[in-house]
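User: I'd like to go through the empty spaces in this protein and its overall build. Can you take my questions one at a time?

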Amino acid sequence: MKKYVFQCALLVLLATAVSACQSTVEKTPLVHAHRGGMALYPENTIPAMIHAVSIGAPVLELDLHVSKDHQVVVSHDAYFHAVKAYTPTGDTIPEEQMKSYKLYAMDYDSISKYDVGTHPNPRFPQRKSLKCKVPLVSELIDSVENYTKTHSLPLVSYNIEIKSDPSKDGIFTPDYKTFADLCISVLLTKKLGNRLLVQCFDVRTLNYLHERYPALRLSYLVEDHVTSFDEQMKRLSFTPQVYSPESDLVTKELVQKAHARHMEVAPWTVDNRSDVFRLKQLGVDAIITNQPDSVMHWLH
């Protein structure tokens, strides 16, 4: 009898070990198309997002700024960048003057006239170029939702960054609370539920969002190579759903610490095959990439 009990217990232990091993090996990180996949299509544009959806990217990553007339627009930069945009008359933007082309100083009607799709991006020479405008976030989400519905595709999720920073307050953006409220007021009208994740580097904004909108899923963006994980977390008044570090910060210990706090780990921005496999082996939950097509292929 004792021998039988011992054998059963041994089998249970072996089954548990095998199951744990399989779950580690079989776990596939969720792919986030960074700015819609900026290596493939003009960043943060509707064509980029539609293309990402069409190739099966499950999550779209994008950035928000605000115009002079308080319209919430999709743009990584707070101004029209010299290597990303042409003026409404087709002229290039002088690099030394580009920060004077700030979105927060223009009404959306003016912003929408700039071409942010045909200027070659030297970082991604194979990227498709086509004339695009800076979209309103409401327009972008509606376009994606309509596309998935029309083509009977799975619903996608959105990882949306509010680009606030103390150095930008009152110059390139409203104050951080006004900025956050303007963005969230639009996003909540889309009724995305758990398909919406809001990310930010600015801990002021994250703490405010958690206090003001407690049901919102939040992601803590981190690029601090000096401060420890524990010290970083002390800057927040809560524990967010996602911890999103620059990819070279990710170690096994970091992943374990984040998971111990019930946070998912979503490193950025990962375009190298060896980095993708390293992060997968470390057990990250998502990978943010400019090349969603390649990363999805490598992972599967």
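What follows is a short round of questions and answers on pockets, a cavity and the overall build.

Analyst: Before we start, this is a predicted model, where local features need pLDDT of at least 70, side-chain atom pairs count only at pLDDT 80 or more, and totals for chains, interfaces and linings use all residues. Residues are numbered from 1 along each chain as its sequence is written, and side-chain values use heavy atoms, with hydrogens and water left out.

User: What volume does the largest pocket have?
Analyst: A pocket here is an open set of points on a 1 Å grid over the protein atoms alone, with protein on both sides within 12 Å along at least five of seven lines; a cavity is a set where a 1.4 Å probe fits but cannot get out, and lining residues have an atom within 4 Å of a point. Points are joined across faces, edges and corners, and a volume is the space filled by probe spheres set on them. On that basis the largest pocket comes to about 350 Å³.

User: Which residues lie closest to the centre of the largest pocket?
Analyst: The lining has 17 residues. By class they split into 7 nonpolar, 2 polar and 8 charged (Ala, Val, Leu, Ile, Met, Phe, Trp, Tyr, Cys and Pro are nonpolar, Asp, Glu, Lys and Arg charged, the others, Gly among them, polar). Closest to the centre are Glu161, Ser164, Asp165, Phe201 and Glu223.

User: Which strand gives the most to that lining?
Analyst: Strands are DSSP runs of E, at least two residues long, and helices are runs of H or I of at least four, numbered from the N terminus. The top contributor gives 3 residues and spans residues 218–222: strand β6.

User: Which residues lie nearest the centre of the second largest pocket?
Analyst: This pocket has a volume of about 210 Å³. Its lining counts 5 nonpolar, 5 polar and 6 charged residues. Nearest the centre are His34, Arg35, His76, Trp268 and Thr269.

User: And what volume does the largest cavity have?
Analyst: The count comes to 1 cavity of 30 Å³ or more. Its lining has 19 residues, with Glu43, Ser75, Asp77, Lys84 and Val116 nearest the centre. The volume is about 200 Å³.

User: What is the radius of gyration of the chain?
Analyst: The chain has 10 helices and 9 strands. The globule rule (2.2 Å times the number of residues to the power 0.38, with the radius taken over C-alpha atoms) gives 19 Å for 300 residues, and the chain's value is close to that, so it is as compact as a globular protein of that length. The radius of gyration is 21 Å.
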